[in-house]
Amino acid sequence: QVQLVESGGGLVQPGGSLRLSCAASGKIFAIYYMDWYRQAPGKQREFVAGFTSGGTTNYQDSVKGRFTISRDSAKNPMYLQMNSLKPEDTAVYYCHARIKPFGEPANDYWGQGTQVTVSS
C-alpha cells in the first residue's frame with residue numbers, strides 16, 4: 001500500500017522560512033510526478049508547486065521567487081523550501097503524487113497534510 005507522509009510544518013513569523021518534506025513508501029513501481037497543494041481555512045485546495053512528468057517545475061504565481069521545490073534523484077523524497085513567508089501562506093500543505101504500485105494501475109495519492117502557520 002502506497003503512503004505519502006509530509007513533515008516540516010509549524011509556526012513561523014512573517015519573513016521566516018520552513019522546509020517541508022514528503023516521502024512516498026510502499027510497493028512503488030514508478031512515481032510519475034509529485035507536487036504540493038495547500039488549503040487555507042474556508043478556501044479550496046490549490047496548487048502550489050510541482051514537477052511535471054518531464055521533470056520541469058511549475059509554481060503558483062504567488063509563491064514564485066519565494067518557494068523552491070526539489071527532490072532526490074530517485075524522485076523521492078520531495079521538498080518544498082519556503083522563504084519570505086507571509087501570513088497568506090498559512091494553510092495545510094498536502095503532498096500529492098501520481099504513482100504506479102507494483103501490479104496495480106497508476107493512481108493519485110495524497111498525504112495527510114502538515115499545518116503551516118505564519119503569524120507574529
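**Figure 1. Proline 101 sits in strand β9.** This is a predicted model, and the first close-up stays with one residue of it. Proline 101 is buried, because its relative accessible area is 4% and the cut-off for buried is under 20%. Setting aside residues up to four places away in sequence, proline 101 touches Val2, Lys27, Ile28, Phe29 and Tyr109. Glycine 42 makes a handy landmark for getting your bearings: 59 residues separate it from proline 101 along the chain, and their C-alpha atoms are 34 Å apart.

**Figure 2. Histidine 96 is another residue of strand β9, which covers residues 91-101.** How buried is histidine 96? Its relative accessible area is 6%, so with buried meaning under 20%, histidine 96 counts as buried. Look at what surrounds it: leaving out neighbours within four places in sequence, histidine 96 is in contact with Leu4, Tyr33, Met34, Asp35, Tyr37, Asp108, Tyr109 and Trp110. Tyr109 may ring a bell, as it is also one of the residues that proline 101 touches.

**Figure 3. Zooming in on the side chain of histidine 96, we find polar contacts with two aspartates.** Which residues are the partners, and what are the distances? With the side chain of aspartate 35, the polar contact is 2.6 Å. With the side chain of aspartate 108, it is 3.1 Å. Both aspartates also turn up in the list of residues in contact with histidine 96.

**Figure 4. Glycine 15 is found in a loop, between β2 (10-12) and β3 (18-25).** Is glycine 15 buried or exposed? It is exposed: the relative accessible area is 52%, and exposed means over 50%. Not counting residues up to four places away in sequence, glycine 15 touches Ser84 and Leu85. Now find serine 119 as well. Glycine 15 and serine 119 are 104 residues apart in sequence, yet the distance between their C-alpha atoms is 9.7 Å.

**Figure 5. Serine 84, one of the residues touched by glycine 15, belongs to a loop of its own, between β8 (78-82) and β9.** The thing to look at here is the backbone: phi of serine 84 is near 50°, which is a positive value in a residue other than glycine. As for accessibility, serine 84 comes out as partly exposed, with a relative accessible area of 40%.

**Figure 6. Stepping back, the whole protein chain has eleven strands and zero helices.** Follow the sequence along and you get the pattern β-β-β-β-β-β-β-β-β-β-β. How does the radius of gyration fit a compact globule? For 120 residues such a globule would come near 14 Å, and the protein chain has 14 Å, so the two agree. Along the principal axes, the C-alpha atoms fill a box of roughly 50 × 25 × 20 Å. Of the 120 residues, 41% count as buried. If you take contacts between residues at least 6 apart in sequence, 55% of them join residues at least 24 apart.

**Figure 7. The last view turns to the surface and charges of the protein chain.** The accessible surface comes to about 6300 Å², and 48% of it belongs to carbon and sulfur atoms. There are 12 positive and 9 negative charges, and the mean positions of the two groups are 3 Å apart.

Key
Residues are numbered from 1 along each chain as its sequence is written. This is a predicted model: local features need pLDDT of at least 70, side-chain atom pairs count only at pLDDT 80 or more; totals for chains, interfaces and linings use all residues. Side-chain values use heavy atoms; hydrogens and water are left out. Helices (H or I, at least four residues) and strands (E, at least two) are DSSP runs, numbered from the N terminus. The radius of gyration is taken over C-alpha atoms; the globule rule is 2.2 Å times the number of residues to the power 0.38. Buried means under 20% relative accessible area, exposed over 50%, partly exposed in between (1.4 Å probe, protein chains only). Contact means heavy atoms within 4.5 Å. Accessible areas come from the Shrake-Rupley method with a 1.4 Å probe; for residues, only the protein chains shown count as cover. Lys and Arg count as positive and Asp and Glu as negative; His and the chain ends are not counted. The place of a charge is taken as NZ of Lys, CZ of Arg, CG of Asp or CD of Glu. A polar contact is a pair of N or O atoms within 3.5 Å; within protein, one must be able to donate a hydrogen and the other to accept it, and residues adjacent in sequence count only if both atoms are side-chain atoms.
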